[in-house]
Amino acid sequence: MRKAFLPVVALLLSASTALADVKPAPLFSDHVVLQSGMPVPIWGTASAGEKVTVTLNGQQQSAITGADGKWMVRLTDLKAGGPYEMTIAGNNAITVKDVLVGEVWLGSGQSNMQFTVSKKRAGFAGLIDEEQEIAAANYPKLRMFTGKMATTYEPQASIDGEWLVCSPETVPGFSAVGYLFGRNLQKELDVPVGMLILAFGASTAEAWIPREAMAADPLLKPMLDKFDAAVQFFRTNPQAPPDQAPKPPQTINARVGPAAKQQRDPARDQHQPTVLYNAMIHPAIPYAIRGAIWYQGESIVGGSNGITLYPHVMETLVKTWRQLWGEGDFPFYAVQLPALQNISNNPRVREGQAAILSLANAGLAVTIDIGDPKDVHPHNKEPLGDRLMRMALANVYHRNIEYSGPVYESMAIEGSTMRVKFTHLGGGLVAKDGPLKWFQISGADRQFVDADAKIDGDSVVVSRPDVTMPEAVRYAWVNYPDGCNLYNAAGLPAAPFRTDAW
């Protein structure tokens, strides 16, 4: 009996010890980059009531674990540098090695943010000059954490992943946009840079928004209600035929094909509201970041209201993330869709994306000139990395550098011509590789026709002999404006625009 009792005691002691172990969130692992110049939350789990002390570079901060087994401390006044060791101690001690302090940026969105440096890691991916990029990728002060893709109905406490030091061995699997932006920033600032990549291919913007924000918004709540009804039906009637299930919100990326033989859990679909916020963003809040870059998310609900609703969805996402992170209006830089011979990249979607510029500390990287006619995942991403870096250098790090192409400001009718004025001249307007293309003009009939366009100072003068009473101008207002060529002297392209609201 005594012999039988001893293993039970050992088992109980083992369980007690496991329960007591201090465990940081997966974000705080070897090679981590922590943000300089602001409070840095460090968190994890331990036994209820346990005192946990975090030590980094001579600084100690302690907290008592709550009844839920969670603890959090905040390190302060961290300055760029390292490498350091970070000790997290309670009833046990964990050492996090090779910790750097520098600049941390979040990269999120859908497949073009996931798109990897090497095509060997995913069939659609790979930079144009990937072999040269990989061979040169010896940047030990650049690290990337790529969160494991997941969707859930309820908010999660942690996300799996690991910090990898940038090297020719690790960079093939890095987000290409995250790598190019982070690499450029690290070289310019000469401080450590960490890229936190939380992205999921074909996802919609509403999938990245928390339930509370959608439920409180009359425009977004109908999407949430449809989604909830579909989930509830699936959970209570899992064997019911698919045609009996209520339909969740549809998107332009809705799957087309043979009718499903059985139901699919709506909460496993990255197109549905809240599911990516729950699984990938909630576990990362409030990891200290300097700002965020965002690519895509435009696969908004299908139907006539999709394009109209998209700017509101993105505004909700940005405002909600900022509120939950608690860092104020941190920089949020979105990528405008490139040219593509596909309805998903049409001018009105790009116009909806440009609406983000109405928000404080928001930016838009224009890619109209680096698209691919047939591929939604263009491989020429090096210019995009430069454009995102320019926005950060100018607006966050206060460098005297042009960060935007020409931006439409106003228009004036001058007899039979129209004068379109721009800001962000960057040293002057430029017609790249020949006369200006893709300017169109219209009279009261609202029929747009190709027009002559010439640069005059900070303006472009647009005319056409048979349009004697012009009323509106459009530029690059098609899905694939091949060769659109209005730039500034800094080498940055103008975004598609229109002077009308027809």
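Is Phe227 buried or exposed, and at what relative accessibility?

**Exercise 1.** Classify Phe227, then its ring pair.

The model is predicted: local features need pLDDT of at least 70, side-chain atom pairs count only at pLDDT 80 or more, and totals for chains, interfaces and linings use all residues. Residues are numbered from 1 along each chain as its sequence is written, and side-chain values use heavy atoms, with hydrogens and water left out.

Step 1. Buried means under 20% relative accessible area, exposed over 50%, and partly exposed in between (1.4 Å probe, protein chains only). Phe227 has 0% relative accessibility, so Phe227 counts as buried.

Step 2. Rings of Phe, Tyr and Trp (its six-membered ring) pair if their centres lie within 6.5 Å; planes under 30 degrees apart count as stacked, over 60 as edge-to-face and the rest as tilted. Tyr153 and Phe227 are 5.6 Å apart, centre to centre, with 55° between the planes, a tilted pair.

**Exercise 2.** Classify the pair of Trp321 and Phe332.

Step 1. The ring centres of Trp321 and Phe332 are 6.2 Å apart and the planes stand at 65°, so this pair is edge-to-face.

Step 2. Both Trp321 and Phe332 are buried.

Step 3. Ring pairs join Trp321 and Phe332 in a cluster with Trp208, Trp294, Trp325 and Phe330.

**Exercise 3.** Find the charges over rings.

Step 1. The criterion is NZ of Lys or CZ of Arg within 6 Å of the ring centre and within 35 degrees of the ring normal.

Step 2. Arg322 sits over the face of Phe330, 5.9 Å from the ring centre. Lys381 sits over the face of Phe115, at 3.9 Å from the ring centre.
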